[in-house]
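Let's take a walk through this one together. Have the model open and keep a hand on the mouse.

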Amino acid sequence: MAKDGPTPLERFINGILPENPVYRQLLGMCPTLAVTGNMKAAMTMSGAVLFVLFCANIITSLIRHLLKPHLRILVFTLTIATFVTIADRFLAAYMYEMSKELGPYIPLIIVNCVIICRCEVCASKQGVIAAGADAIGQSIGFALALASIASVREILGEGSWFAMRVMPEAWPAWAIMILPPGAFITLGLLLGGANWFGMSRSAKTAA
Amino acid sequence: MTQETVNNDATETEAPVTHVAPGPHLGGGCLTARWMMLDVLIGLLPVLLVSLWVFGWYAARVLAICVGSCVVAEGIFTAMRRRQCRLGDFSAVVTGVILAFSLPGTAPWYVAVIGSFAAIGIGKLAFGGLGQNIFNPAMVGRAFVMIAFTSAMAAGGYVASEKAGVPDALTQATPMTALQQEGKVASLGDLFWGDTNGSLGETSAFACLLGGLYLLIRRTAAWQIPLGVLLAVGIIAGGQNLMDLQAKWTVGHHLMGGALLFGALFIATDPVTSPLTGRGRWIFGLGIGAIVMLLRSLSAYPEGVMFAVLLMNAVVPLINRWTVPRPVGGPVPSKA
C-alpha cells in the first residue's frame, strides 16, 4: 500500500472547507436535505456522523492490508453498519424524542456516501492517524454545512435558533422553509454562494 | 442554417460591403419582448379597472407593492449577475401585476414583497433571465408564499378581519371556498361581472374575456392555449353536470368561477413557458384544463389553476420534443 498521500494535517484541513463534503463534494445530500429543519436535529445528526465516520475510518485503516478489492465495499458497509447500529440504539436510549424526530435518517447513515467515500479514499490507503484526522476534518466540514443550512431554515421558518427565539414576535414564520422545498431552495442558494465565494477567491489568488 | 447576402445599394459603388449573418433577417419591430409585455399590460387594463372597482384601496395597495418589489428585485438580481438591467422590456412589471392579481386583497405587505422576490429571483433570474425560465415566474412567487404563509393565503386569508370600511366583497368567502365548505353557490351574474371575493384579478369573467380577446387579436397570446383549457374544463365539467343534473354548480360556474379565465388567458399564455408548436399548445391547454378540474373536484384546495399551470410548465420541454413540426419537403432524417 502506498504510504505517501496527504499528511494527517492536510487531511484534517481539507475536510473542513477545501473538500467540504456537502459544498464541494456534494455527498451525503439525503441527511443534508432531510434533517436540517432545525439546529438541534442537524447537530445530533452531525454528532452521529462524527462518531460513525471516526470509528469506521479507524477500523478500516487497521484492517486495510486484509482487504480484498472485490469485497472491500461490503466490508466497509458492514463496519459502518456496526457503528450506525450503536449510534442508533444510543440515541433511542438516551435521546428518545430526537431519535423519533430523526426517524429513518440515523439508520440511513449506513449508506451515507460521505462515509463510504472516506473509507475508500483515505482509510483503506493510509495509516490510522491520517484516517482519524480525515474523519474528524470531514465531520467538522459536514457539521458546518448542516449548521449553515439549518440556521437559515430555522431562523426564517420558525424565527428561532436552537429553539431560542431570535426574531421579534411579529416575525411571520415562513412555513415553506421547514418543509422539503425550503431545504432544496436553501441548499441551492448556499451552494451558489459557496461557489461564488470560491470563484472570487481563486480569481484573487490567480491575479 | 441559411445564409443570406445583402448587398448595399448599387448607387454606392466605391465600397461594396457584404453582410453575412444567420437568420432571421426580417425584424417586424412589432413582436418584440417589449411590445408583447406592453400588450399584456394593455390587456390587463379591464381586469385592473374591475379589481379597483370591487376591492378599491386594497387592490391598489397590493398592486403597488408587487410591481415595486418586482422591479427592485429585477434590478438587484441583474446587478448581482453583472448583466445589463433590462427593466425597459416591462417583463418585471408584468410579473408583478400578474402576481398581484393572483393574491388576495387582504394579503399582508410581506407576503407581496416575498412573493415578488421569489418570483423574480427563484422563478426567473436563477434560470438565466427572461426567456430561459421553465416556470411562470408569477406562479412560482405565488406558490412560494402560498406554502410559506398558509394562513394568509388559505381560504380564511381572503376575508378581511376588520369589518369597518372594507369593500363588501372582502367580507364574504370566495365563491370556490363557499362551494367547497358550505355548498353555497354564487350566481352566474356575480361571477360574470366580478362582484365576489377572490384573488384581485380573477373575480370578473367579463374583464378577463375582454382583455384576453385583445391579446388573442394581437396574437400576443396563442389562441390554442385558452381554447384548450376551456375545452377540457367544459368537457369534464359538462360530463359531471350530465351525470348529476340537479347540481347547482354547473359548467358555467366552473368556467367563470375561480381563476380559470384569468389563468387561461393571461398566465398560461406566457410565451416563454408555453410550447412552441400549435399541436403542443393544444396539449398544454388541455392538460391545464384537465388538471384544474382534477384539483377542483378531488383535492383539498378549492382552486387549482396555479398548480395546473406549474405542472404543465414542467412538461413543456417534453411537449416541444414530441411535437417537432415536419418541415416542408419531408420528414427530418433520423439522427443515427
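How many residues of chain A are in contact with chain B? Seven, and they meet seven residues of chain B. Keep in mind that this is a predicted model. On the chain A side, the elements that give two or more residues to the contact are α8 (175–178) and α9 (180–206). Sort that side of chain A by class and you get seven nonpolar residues, with no polar and no charged ones.

Now move into the interior. The largest nonpolar core has 97 residues, and the members that touch the most others are V62(B), C66(B), V97(B), A100(B), M139(B), I288(B) and V309(B). Which element gives the largest share of this core? That would be α3(B), with 10 residues. Apart from this core lies another one, of 41 residues, and I109(A), A135(A), A145(A) and I149(A) are among them.

I288(B) deserves a stop of its own. Skip its neighbours within four places in sequence, and I288(B) is in contact with V229(B), A268(B), A308(B), V309(B) and M312(B). V309(B) is another residue on the list of those touching the most other core members.

V229(B) leads us on to a helix pair, since V229(B) of α11(B) also takes part in the contact with α13(B). Helix α11 of chain B covers residues 224–243 and helix α13 of chain B covers 260–267; their axes are 8 Å apart and the packing angle is about 155°. Angles over 145 degrees count as roughly antiparallel, so that is the label for α11(B) and α13(B). Their crossing is right-handed. From α11(B), the contact is made by I225(B), P226(B), V229(B), L230(B) and V233(B), while α13(B) brings L260(B), A264(B) and L265(B). By class, this contact has eight nonpolar residues and no polar or charged ones.

Last, two spots in the loops of chain B. Just ahead of α11, the loop that follows α10 (205–218) holds R219(B), whose phi is near 60°, a positive value in a residue other than glycine. The loop between α3 (57–80) and α4 (91–101) of chain B has F90(B), where phi is also positive, near 65°, and again the residue is not glycine. Are these two residues buried or exposed? F90(B) has 21 C-beta neighbours inside 10 Å, so it counts as buried. R219(B) has 12 other C-beta atoms within 10 Å and is therefore exposed.

Notes
Residues numbered from 1 in each chain as written. Chains lettered and ligands numbered in written order. Predicted model: local features only at pLDDT ≥ 70, side-chain atom pairs only at ≥ 80, totals over all residues. Axes fitted to C-alpha atoms, helices over the stretch in contact; angles between N-to-C directions. Helix = DSSP H or I, 4+ residues; strand = E, 2+ residues; numbered from the N terminus. Parallel < 35°, antiparallel > 145°, perpendicular 65-115°, else oblique. Left-handed = near helix turned anticlockwise from the far one by under 90°. Contact = placed C-beta atoms within 7 Å. Nonpolar A, V, L, I, M, F, W, Y, C, P; charged D, E, K, R; others polar. Buried ≥ 20, exposed ≤ 12 C-beta atoms within 10 Å, placed from the backbone. Core = buried A, V, L, I, M, F, W, Y, C linked by C-beta atoms within 7 Å.
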